[in-house]
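Colleague: Please show me the model, and then I will ask about its core and its helices.

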Amino acid sequence: MDPLLVAGCAAGGLLIGDALEPLADRLPKKLPLDRPWWRCPTCGAPDTSIGRIPLLRTRYRFSACPACGEPRSHPTRPAVQPFLTACVLAAMAVRFGPDVGLAAYSVVGVALVAIAVIDVESRIVPNRILYPAVFLAAPLFVITAAVDHRWGSLWHACACAAIGFVALFAVHVAYPKGMGFGDVRLAGLVGGAAGWMGFRAAFVAFFLMFLLGSVGGIIQLAVTGGGRRTAIGFAPYMAAGTLAVVIFTMPIFHVIHPLLYGNGS
C-alpha cells in the first residue's frame with residue numbers, strides 16, 4: 001500500500017464529492033447547470049464568503065439562505081457525499097495501488113456514489129452522470145487491457161456488461177414498476193466494472209445487489225410504514241454490491257465460494 005497515493009486519492013475524493021453537490025441538487029429537478037454553481041435553490045442567490053470555499057462550505061449549508069431565509073432542503077448531503085467519495089477512492093487506491101486500472105475504477109466509484117446519493121433522494125438514475133462515466137471508464141479499461149495485456153479481463157467486462165443489461169431489462173419488461181430503466185442502464189456499468197474481475201465476481205456482485213436490495217427494502221418499508229407500491233431506489237444497492245466486490249474481492253470470495261461450491265470443488 002502506498003500511503004501517499006491513498007492520501008492523495010482521499011483528498012481528491014473530498015474535493016470531487018464537494019464539487020458534485022450542484023449536480024445532486026439540480027439534476028433531479030431538471031435545472032440548468034449554469035453558473036453560479038453554488039446558489040440557493042429557492043431564490044437563486046449565490047453563496048457568499050465561506051459558502052464559496054470547498055469543504056468549508058459544508059457548515060455554511062446547514063444554515064438558512066441569508067438572502068431569502070429558506071432552510072436548505074438537504075443540509076447533510078454536502079458533508080455525506082464528499083466523505084463517501086473520499087472513502088471509495090481511498091479504498092480503490094489500497095486495492096489497486098499505482099495501477100493503470102485505478103483510473104478506470106476511480107471514475108466508476110465517483111459515478112456510483114453520485115448516482116446512489118441522487119437515487120436515495122429522488123428515485124432517478126441521471127443519464128448526465130451515467131453516460132459520461134461510461135464514456136470515460138470504457139476507454140480507460142481498454143488502455144488498462146493494452147498496458148497490462150489483460151484482454152481476457154476486457155472481454156469479461158464487456159460480456160458481463162451486456163449480460164447485466166439484458167438481465168435487468170428482462171426484469172424491467174416483466175415488471176416495469178419494480179425496475180426502472182435507469183437501473184437497467186446502470187447495470188451495464190456495474191456489470192462491466194465487476195466483470196473485469198471475472199464472471200464469478202460479476203455473479204457475486206449481482207447476487208449482493210439483490211440481497212442488499214431485498215433486505216434494505218424490507219427495512220425501509222418497516223421504518224416508513226409503506227406498502228408494496230412504495231418506491232425504493234435500487235441504484236444504491238447496485239453501487240454497494242459492485243463496490244464491495246471490486247474493493248473486497250478476495251475476502252468476499254473466501255466467504256461466498258464455499259457456499260456456492262461446497263468444499264472448493
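**Core and helix packing**

Modeller: This is a predicted model, where local features need pLDDT of at least 70, side-chain atom pairs count only at pLDDT 80 or more, and totals for chains, interfaces and linings use all residues. Residues are numbered from 1 along each chain as its sequence is written, and side-chain values use heavy atoms, without hydrogens and water.

Colleague: Which element gives the largest share of the largest nonpolar core?

Modeller: A nonpolar core is a set of buried (under 20% relative accessible area) Ala, Val, Leu, Ile, Met, Phe, Trp, Tyr and Cys residues joined through side-chain atoms within 4.5 Å. The largest one has 62 residues. Helices are DSSP runs (H or I, at least four residues), numbered from the N terminus. The largest share, 14 residues, comes from H5.

Colleague: Are H5 and H10 roughly parallel or roughly antiparallel to each other?

Modeller: The axes, lines fitted to C-alpha atoms over the stretch in contact (heavy atoms within 4.5 Å), have angles that run from 0 to 180 degrees between N-to-C directions. Those of H5 and H10 come within 8 Å and cross at roughly 155 degrees. Angles over 145 degrees count as roughly antiparallel. H5 and H10 are therefore roughly antiparallel.

Colleague: Is Ala167 buried or partly exposed?

Modeller: Ala167 lies in helix H7. Its relative accessible area is 38%, and partly exposed covers values between under 20% (buried) and over 50% (exposed), with a 1.4 Å probe and protein chains only. Ala167 is therefore partly exposed.

Key. Helix = DSSP H or I, 4+ residues; strand = E, 2+ residues; numbered from the N terminus. Parallel < 35°, antiparallel > 145°, perpendicular 65-115°, else oblique.
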